[in-house]
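Reader: I should like a close account of one part of this model, with the reasoning set out step by step. Please begin with the contact between a charged side chain and an aromatic ring, and proceed from there to the elements around it.

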Amino acid sequence: MARAGSGHPEFITGQDRMQPKVMQSLRFALQPAVSNIVLDWDVPAGLEVVPVSETPKVLFRGHRSILYAQLKGKFDESVLGRASLQYSLGDEPHKTEISFKLQPDKHTGLTTHRLAARTLIRSLEEGGSVEGEGGDKVKERVVKISTEARVISTHTAFVAVNKDLNQAVQGPLIHRNIRPQMRMRSSKMLMQSCMMQSCSIPKIRVRGGGFGAPANFQPKAMRLGGASAAMPPMVMQQRCAQMSYCAVNKCDETGPELEKEDPVLTLISLQRADGSWELNESLVSVFEKTEQEAISKMPAEVSDRAVWATVLALLWLHGFRADLKEEWEFLAMKALSWVKAQAGASLKSCLEAGNSLLGSKVEPQTLSL
């Protein structure tokens with residue numbers, strides 16, 4: 001759907017943060033994109049250029065597109081070919097030309113050919129058709145390209161072959177259960193916790209090509225609060241992991257403490273519509289300071305507390321949350337535009353005092369000042 005509408009898809013799965021994905025889409029929407037893309041070929045007579053991949057309708061900033069084409073026919077290998085790429089960036093037209101040799105490199109393998117074949121197969125699998133071919137014809141063509149280029153497709157598969165007998169390996173598929181590895185806060189903490197609680201985690205052994213415990217394995221007793229009980233290995237691991245987490249985080253019996261709110265999201269929620277921040281306890285708590293500390297460090301020539309608060313917010317983002325810049329870049333641009341118009345000559349002293357208060361080392365050029 002995104003490709004058909006000249007857009008870009010974003011996927012949010014598992015524990016992914018939604019903010020960078022949303023900001024990426026917003027960035028694409030606000031910045032000029034490459035459009036009206038046309039690729040022309042100038043080759044000698046007797047040579048035909050057959051496009052393998054479809055020319056994209058649009059390209060967004062930071063994206064790239066690889067186009068494959070197949071050269072067919074007889075030609076003089078000493079002659080050069082030319083390709084010209086025309087496109088528009090915003091309202092401005094551009095054109096790029098390149099020349100290339102028609103003689104193949106002797107050391108070139110089949111990697112490019114297989115990538116081109118995979119591109120063509122994907123196009124056919126996604127509903128494309130060639131020369132009016134229907135479903136069965138398309139399937140036949142996909143199978144033909146796949147087997148010739150040795151590239152996997154939805155209609156083909158690699159088969160294990162016994163080289164001595166030159167026959168496909170036969171036999172029933174064997175289902176094996178593989179124990180998943182738990183994500184643990186720290187293996188060292190887990191070991192310490194288990195030692196304190198006198199519990200043991202059994203080792204996983206390999207038998208008969210599969211993963212699992214021996215058939216006669218009996219889990220050792222785990223001592224908890226004076227009581228002993230035989231537990232399966234996975235239960236032991238879970239209990240040990242819980243004990244190690246609670247030992248570090250000082251949980252009560254109801255479970256781990258709730259995580260604190262993300263300070264970046266708190267800061268974003270406090271920004272006002274004009275791009276500034278108000279100097280209050282909620283804001284300075286993000287910096288792990290008190291409101292009184294922030295007021296006492298404010299330069300004397302600054303009369304507007306909002307200017308001081310906005311400078312502090314910008315310094316904190318650039319100094320301590322640069323790894324999340326794609327999430328706050330736009331709001332920082334808005335804040336910077338506001339503070340430039342309001343601070344005037346006092347901006348330099350605000351930066352120096354703000355770095356001193358927060359313990360940051362943000363240079364003026366980092367803020368485009």
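Author: In this predicted model, the charged end of Arg-27 is placed over the ring of Phe-330, at 5.3 Å from the ring centre. The helix to examine next is H10, which comprises residues 325–343.

H10 has 19 residues, yet its end C-alpha atoms are only 24 Å apart. A straight helix rising 1.5 Å a residue would reach 27 Å, and H10 falls short of that span. The helix also contains a kink of about 30°, centred on Leu-331. Leu-331 is itself buried, as are Glu-327, Trp-328, Ala-332, Ala-335, Leu-336, Trp-338, Val-339 and Ala-343. The buried residues of H10 pack against four helices: H1, H6 (263–270), H9 (305–320) and H11 (347–358). Just after H10 comes Gly-344, with a positive phi of about 65°.

H1, one of the helices against which H10 packs, leads to the aromatic pairs, of which the structure holds three. In one of them, the ring centres of Phe-28 and Phe-60 are 4.9 Å apart and the planes meet at 25°; the pair is therefore stacked, since planes under 30 degrees apart count as such. Phe-28 belongs to helix H1 (residues 18–30), whereas Phe-60 lies in the loop between strand E3 (58–59) and strand E4 (69–73), so the pair ties together parts 32 residues apart in sequence. Both Phe-28 and Phe-60 are buried.

Another pair has a contrasting geometry. The rings of Trp-41 and Phe-100 have centres 6.0 Å apart and planes at 80°, so this pair is edge-to-face. Here too distant parts of the chain are linked: Trp-41 is in strand E1 (residues 34–42) and Phe-100 in strand E6 (residues 92–101), with 59 residues separating them. Trp-41 is partly exposed, its relative accessible area being 37%.

The strands that carry this pair can be followed through strand E5 (residues 80–89), with which E1 pairs in the antiparallel sense over seven bridges. Within that pairing, Ser-35 has Ser-88 of E5 as its bridge partner. E5 also pairs with E6, again in the antiparallel sense, over 10 bridges, and Ala-83 stands opposite Ile-98 in E6. E5 and E6 form a hairpin with two residues between them, and Gly-90 in the turn has a positive phi of about 70°.

Key
Residues are numbered from 1 along each chain as its sequence is written. Side-chain values use heavy atoms; hydrogens and water are left out. Rings of Phe, Tyr and Trp (its six-membered ring) pair if their centres lie within 6.5 Å; planes under 30 degrees apart count as stacked, over 60 as edge-to-face and the rest as tilted. Buried means under 20% relative accessible area, exposed over 50%, partly exposed in between (1.4 Å probe, protein chains only). A charge sits over a ring if NZ of Lys or CZ of Arg is within 6 Å of the ring centre and within 35 degrees of the ring normal. Two strands pair if DSSP finds at least two bridges between them. The expected span of a helix is 1.5 Å times one less than its number of residues. The bend at a residue is the angle between axes fitted to the seven residues ending there and the seven starting there. Contact means heavy atoms within 4.5 Å.
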